[in-house]
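Colleague: I'd like a close look at one part of this model, with whatever you can say about the rest of the fold afterwards. Could you walk me through it?

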Amino acid sequence: MDLSLREIRFFVAAAETGSFTDAALQLHVSQAAVSRTIANLEKVAGSKLLRRLPRGCELTGVGQQILPHARRVLAEAERLREVLASQHSTLRLGYAWSALGSHTVPLQREWAQRHQDIALELIRYNSPTSGLSEGLCDAAIVRIPVNDKRFDSVVVGLERRLVAFASDDPLWSQRERVTMGEIAERTVIIDPRTGTTNIQLWSGLEHTPKVIESNDVDSWLDAIAAGQGVGTTAEATAHHHPRPGISYRPITDGPRIPVRLVWWHDEQPAGLNDLIGTVTQLYASD
């Protein structure tokens with residue numbers, strides 16, 4: 001059974017207006033086109049859907065059963081149309097822990113002023129590709145390398161590495177900065193899927209820290225605030241996730257963290273080049 005949206009739309013219009021004439025006016029077609037299209041739908045259905053009356057039409061029993069389903073089909077088709085249209089009018093930018101730190105709001109404001117035809121939408125999703133491989137965004141901000149040939153990427157900036165600890169920490173509450181060696185003597189909380197901290201950061205030092213795993217930035221922050229350990233993170237985290245009871249400090253010898261934009265190799269989204277240029281310029285101004 002092959003049905004067209006045109007047939008379903010004509011049937012719903014006639015059923016709701018109670019008239020082939022009024023349906024034709026609503027659809028901007030001739031009355032004959034409405035009558036012919038609905039007759040074809042009835043032929044496919046094998047039953048009369050509308051009872052013709054001297055002054056209009058009314059639903060048959062079969063028509064009454066079909067009408068709610070027909071309305072849902074049209075609603076889903078409209079939603080699909082909106083999704084397809086948004087692919088060209090919205091640039092969805094994914095991120096996991098944090099977007100672009102202090103550069104996030106300047107990017108949003110500058111983008112809105114310069115791009116009237118493409119909206120920039122930020123989407124947070126905790127995965128190694130920040131929602132890109134899951135189809136949730138068109139491009140993504142990542143701070144860990146994406147070693148997958150399906151994607152292209154470019155480094156748009158570098159961020160300082162900070163340490164996060166409980167503000168009442170008995171050892172560091174008065175410290176202005178710490179070293180990687182000092183962090184190695186503590187328990188370090190990491191997110192192995194999307195975080196920027198791994199044990200290899202201390203490979204050249206005498207000691208390596210004990211680690212506890214978390215599964216996203218919120219559980220990471222909760223554990224640090226509870227004094228279960230400390231963490232290292234990109235500077236952007238401090239801007240996106242300030243929290244009472246947690247202090248962020250620079251790490252004197254902490255390696256900087258590359259910030260990358262990533263997109264599908266075979267599907268470069270509209271506005272990507274402008275996005276790369278704008279973000280790169282924002283980081284260059286640091």
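Colleague: Which residue follows H3, and is its phi positive or negative?

Modeller: That's Gly 46, and its phi is positive, near 80 degrees. Bear in mind that this is a predicted model.

Let's back up along the helix. H3 covers residues 31–45, 15 residues in all. At 1.5 Å a residue it should span 21 Å, and its end C-alpha atoms do sit 21 Å apart, so the length agrees with expectation.

Now for which way it faces. Ala 33, Val 34, Thr 37, Ile 38, Leu 41 and Glu 42 are the buried ones in H3. Looking down the axis, the buried residues fall within an arc of 165 degrees, so they line one face of the helix. The general reason behind such a pattern is that an α-helix has 3.6 residues a turn, so residues three or four places apart point the same way. On the face turned away from the buried side, H3 carries the exposed residues Arg 36 and Lys 43. As for what covers the buried residues, helix H1 (5–17), helix H2 (20–27) and strand S1 (50–53) are among the elements doing so.

Elsewhere in the chain there's an open sheet of five strands, in the order S4-S3-S5-S12-S6, with mixed pairing. Its edge strands are S4 (119–124) and S6 (151–159), each of which pairs on one side only. On average, neighbouring strands here are turned by 25 degrees against each other, ignoring direction. Helix H5 (residues 104–114) lies across S3 and S4, and runs at about 150 degrees to S4.

Strand S5 (residues 139–142) is worth a look too. Ala 139 and Ile 141 point one way from S5, while Ala 140 and Val 142 point the other way, and all of these are buried. That fits the general rule that side chains in a regular strand alternate between the two faces of the sheet. S5 runs parallel to S3 (residues 90–95), joined by two bridges, with Leu 93 having Ala 139 as its bridge partner in S5. With S12 (residues 257–264), S5 pairs in the antiparallel sense over four bridges, and there Ala 139 stands opposite Trp 263. That puts Ala 139 in bridges with Leu 93 and Trp 263.

Conventions:
Residues numbered from 1 in each chain as written. Predicted model: local features only at pLDDT ≥ 70, side-chain atom pairs only at ≥ 80, totals over all residues. Heavy atoms only, no water. Buried < 20%, exposed > 50% of the residue type's maximum accessible area, 1.4 Å probe, protein only. Pairing = 2+ DSSP bridges. Expected span 1.5 Å × (residues − 1). Arc of directions from axis to C-beta. Contact = heavy atoms within 4.5 Å. Axes fitted to C-alpha atoms, helices over the stretch in contact; angles between N-to-C directions.
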